[in-house]
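Hi,

Here is the structure we talked about. Please open it before you read the notes below.

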Amino acid sequence: MEVRSRAPGKIILAGEHAVVHGSTAVAAAIDLYTHVFFRLLPAAPSSSSPDSGDGSLELDLKDMNVVFSWPLSRLKEAFQEITPIPSSPRSCSRENMEVLQMLVEEKNIPEARIGLSSGVSAFLYLYTSIHGLKPAKVVVSSDLPLGSGLGSSASFCVSISAALLALSDATAIESKSGWLTFGESDLELVNKWSFEGEKIIHGKPSGIDNTVSTYGNMITFRLGELTRIKSAAPLKMLITNTKVGRNTKALVAGVSERASRHPDAMASVFTAVDCISKEMSTVIESPVSDDISITAKEEKIEELMEMNQGLLQCMGVSHASIEAVLRITFKYKLASKLTGAGGGGCVLTLLPTLLANTVVDKVIGELEAGGFQCLKAQVGGKGLEISFE
Ligand SMILES: Nc1ncnc2c1ncn2[C@@H]1O[C@H](COP(=O)(O)OP(=O)(O)OP(=O)(O)O)[C@@H](O)[C@H]1O
Ligand SMILES: C[C@@](O)(CCO)CC(=O)[O-]
Ligand SMILES: [Mg+2]
């Protein structure tokens, strides 16, 4: 039995970090995906001795050129008890978190790649919670830069949860040809499991990244609730990767610490972001009839992006590399803001509909000459899909 899945990354147009503290945020899927191939292998005959093993669980991270493999006998020994219940998403207990850490530490991941540990722990948690201790092979590859603000961790958790659930008895999808989408209740189940995986990677996620990766399109999100929104005109965004690595868990924790040191000031910042996100979604959905109304709408979005960036700076999550990108795009009168957790990672720049291609080429040229990497991505596309072919 085998299945493939793919789940998109995302951009956050407004509201990152504040969303963790209850504010509204606006996010959209982008057409860069994490791809998963999952094959359940036949169980070894029960007569096999414990040492010859009952087979193994293999995780092949293609882009990293690294394969992790656990003999099932080792997993059985490490976890005192595992009762997989795929239909019932639940948080990883403190004891099992320690077991996961031990299993990952045994792999001696080199320091330069230590960031992978949390992803591998999330994988092991999702696998053992959904399938228990069955032999299997899982292959992951990604179009997304890891740890750059484009939701690589969420698309990793969503694509893995979806593939695992598709071969469990908890989902009701028919194995037809081509790429398929789950029904509403199966999507909800995938989203809940992915959130549990994100918790292992992020510590305290709001759930916005896994939600937009699961459902796709453009959404507003507040306190776990999503509302689908539709842009009245396509939004063109340039994504610039500063290539400065950072870690969402540490940045989210840093904002929370600042909020506990300055509760009143930070509460006002979060309220201001909430207003910006609400206004942003209203503007995005407002109808346009001609070039004048499109330009007016884009100018409002630009202003809101600039205001949001100022507040992100206030939260302490901007970075010299982000400021360098802002300075370059500002020279061309373009508005930008960081996207995702900040601290490096990616910056979004709105490319107005009437902006000449020659200007776009010049900005990209200058950004790339500055050592940054520009990506053009379609905004607001598909969510999670699976295929049995
Ligand atoms: N394809 C992948 N293979 C293995 N691990 C992955 C993969 N994609 C993401 N991860 C895990 O997610 C971590 C990056 O998550 P992090 O939340 O810090 O960044 P992000 O999700 O790219 O950005 P943001 O959360 O700001 O959108 C990696 O260090 C790794 O542990
Ligand atoms: C920084 C953050 O707001 C978005 C990361 O893409 C974290 C979260 O919401 O989980
Ligand atoms: Mg993440």
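The notes below run from the overall fold to the ligand site and then to two loop residues.

Overall fold

Keep in mind that this is a predicted model. The protein has 11 helices and 12 strands. Its radius of gyration is 22 Å, close to the 21 Å that the globule rule gives for 389 residues, so the protein is as compact as a globular protein of that length. The C-alpha trace spans about 75 × 50 × 40 Å along its principal axes. Of the 389 residues, 47% are buried. Contacts reach far along the chain. Take those between residues at least 6 apart in sequence: 76% of them join residues at least 24 apart.

The annotated stretch

The unreviewed UniProt entry carries one annotation to note. It reads "domain: GHMP kinase C-terminal" and covers residues 300-363. In the model, that stretch is 55% helix and 14% strand. Its end C-alpha atoms lie 21 Å apart.

The site around ligand 2

Which residues are closest to ligand 2? They are Glu16, Pro205, Ser206, Gly340 and Ala341, out of 15 residues that surround the ligand. By type, the shell divides into seven nonpolar, six polar and two charged residues. Both domains contribute. Domain 1 (2-228 + 381-387) and domain 2 (235-376) each give at least three residues to the shell. Two helices are worth displaying here. Helix 6 (208-215) and helix 7 (248-261) each supply at least two residues of the shell around ligand 2.

Two loop residues with positive phi

Leu223 is not a glycine, yet its phi is positive, near 45°. Leu223 sits in the loop between strand 6 (218-222) and strand 7 (225-229). Is Leu223 buried or exposed? A residue counts as exposed if 12 or fewer other C-beta atoms lie within 10 Å of its own. Leu223 has 10 within that distance, so it is exposed.

Lys333 also has a positive phi, about 60°, although it is not a glycine. Where is Lys333 placed? It lies in the loop between helix 10 (320-331) and strand 9 (336-339). Lys333 has 10 other C-beta atoms within 10 Å, so this residue is exposed too.

For a first look, start with ligand 2 and Glu16, Pro205, Ser206, Gly340 and Ala341. Then turn to the loops that hold Leu223 and Lys333.

Best wishes

Definitions and conventions. Residues are numbered from 1 along each chain as its sequence is written. Chains are lettered from A and ligands numbered from 1 in the order in which they are written. This is a predicted model: local features need pLDDT of at least 70, side-chain atom pairs count only at pLDDT 80 or more; totals for chains, interfaces and linings use all residues. UniProt positions are given in the numbering used here, feature names are shortened, and annotations may be inferred rather than shown by experiment. Helices (H or I, at least four residues) and strands (E, at least two) are DSSP runs, numbered from the N terminus. A residue is near a molecule or strand if its C-beta atom, placed from the backbone, lies within 6 Å of it. Ala, Val, Leu, Ile, Met, Phe, Trp, Tyr, Cys and Pro count as nonpolar, Asp, Glu, Lys and Arg as charged, and the others, Gly among them, as polar. Domain bounds come from an automatic or database domain assignment. A residue is buried if 20 or more other C-beta atoms lie within 10 Å of its own, exposed if 12 or fewer, and partly exposed in between; C-beta atoms are placed from the backbone. The radius of gyration is taken over C-alpha atoms; the globule rule is 2.2 Å times the number of residues to the power 0.38. Two residues are in contact if their C-beta atoms, placed from the backbone, lie within 7 Å.
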